[in-house]
Amino acid sequence: MQQAKISIKDEQVEFLENHKLYGYKDKSSMVREALKRLKEEVERKSLRQSADLYAEIYKNDSELKELTESAISGWPE
């Protein structure tokens, strides 16, 4: 595993010092979990924004709606 030097605030150091209270074996595992969760949240937000953009484009594009309708025509419900 790689190491990285980072700077954090005193309150964050205090929080990390209590890693065992939160079920983590060490500070590093707590930071790794926090970064994993942040990454998932950022990806989820990006995916939602992309879906919203496509929905907006679809809503305002009558040709795209017609193309979609013709593509699903005859498909089972």
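Let's start with a pair on one helix: Glu43 and Lys39 sit 4 residues apart in helix α2, so about one helical turn separates them. The two are joined by a salt bridge, with their closest N and O atoms 2.9 Å apart. Keep in mind that this is a predicted model. How exposed are the two partners? Glu43 is partly exposed, with a relative accessible area of 43%, while Lys39 is exposed, at 52%.

## Salt bridges

Why do such pairs turn up? Side chains of opposite charge can pair when their charged atoms come close. How many salt bridges does the structure hold? There are 3, and here they are side by side.

| Pair | Closest N to O distance |
|---|---|
| Glu17 and Lys27 | 3.3 Å |
| Arg37 and Glu33 | 2.9 Å |
| Glu43 and Lys39 | 2.9 Å |

Take Arg37 and Glu33 next. These two are 4 residues apart in helix α2, so they too are separated by about one helical turn. Arg37 has a relative accessible area of 51% and is exposed, because the cut-off for that word is over 50%. Its partner Glu33 is partly exposed, at 22%.

What does the pair of Glu17 and Lys27 tie together? Glu17 belongs to helix α1 and Lys27 to helix α2, so this bridge links parts that are 10 residues apart in sequence. Glu17 counts as partly exposed, with 46% relative accessibility. Lys27 is partly exposed as well, and its relative accessible area is 37%.

## The largest pocket

Now for the empty space. Rolling a probe the size of a water molecule over the atoms shows where empty space is left. The largest pocket found in this model has a volume of about 310 Å³. Which residues line the largest pocket? They are Met1, Gln2, Gln3, Ala4, Ile6, Ser28, Val31, Arg32 and Leu35. Sort that lining by class and you get 5 nonpolar, 3 polar and 1 charged residues.

## The second largest pocket

The second largest pocket comes in at about 200 Å³. Its lining is made up of Ile6, Ile8, Gln12, Phe15, Leu16, Tyr22, Tyr24, Met30, Val31, Glu33, Ala34 and Arg37. Two elements each give two or more residues to that lining: α1, which covers 10-17, and α2, which covers 27-59. Which of them gives the largest share? That would be α2, with 5 residues.

By class, the lining of the second largest pocket divides into 9 nonpolar, 1 polar and 2 charged residues. You have already met Glu33 and Arg37, which are in this lining and also meet each other in a salt bridge.

## A residue to look up: Val31

Val31 is worth finding in the structure. This residue is part of the lining of the largest pocket, and the second largest pocket has Val31 in its lining too. Where does Val31 lie? It lies in helix α2. Is Val31 buried or exposed, or somewhere in between? At 29% relative accessibility it counts as partly exposed, because buried means under 20% and exposed means over 50%.

One more thing to try with Val31 is to trace the way to Lys9. The two residues are 22 apart along the chain, and 14 Å separates their C-alpha atoms.

Conventions:
Residues are numbered from 1 along each chain as its sequence is written. This is a predicted model: local features need pLDDT of at least 70, side-chain atom pairs count only at pLDDT 80 or more; totals for chains, interfaces and linings use all residues. Side-chain values use heavy atoms; hydrogens and water are left out. On a 1 Å grid over the protein atoms alone, a cavity is a set of points where a 1.4 Å probe fits but cannot get out, and a pocket is an open set with protein on both sides within 12 Å along at least five of seven lines; lining residues have an atom within 4 Å of a point. Grid points are joined across faces, edges and corners, and a volume is the space filled by probe spheres set on the points. Ala, Val, Leu, Ile, Met, Phe, Trp, Tyr, Cys and Pro count as nonpolar, Asp, Glu, Lys and Arg as charged, and the others, Gly among them, as polar. A salt bridge is a side-chain nitrogen of Lys or Arg within 4 Å of a carboxyl oxygen of Asp or Glu. Buried means under 20% relative accessible area, exposed over 50%, partly exposed in between (1.4 Å probe, protein chains only).
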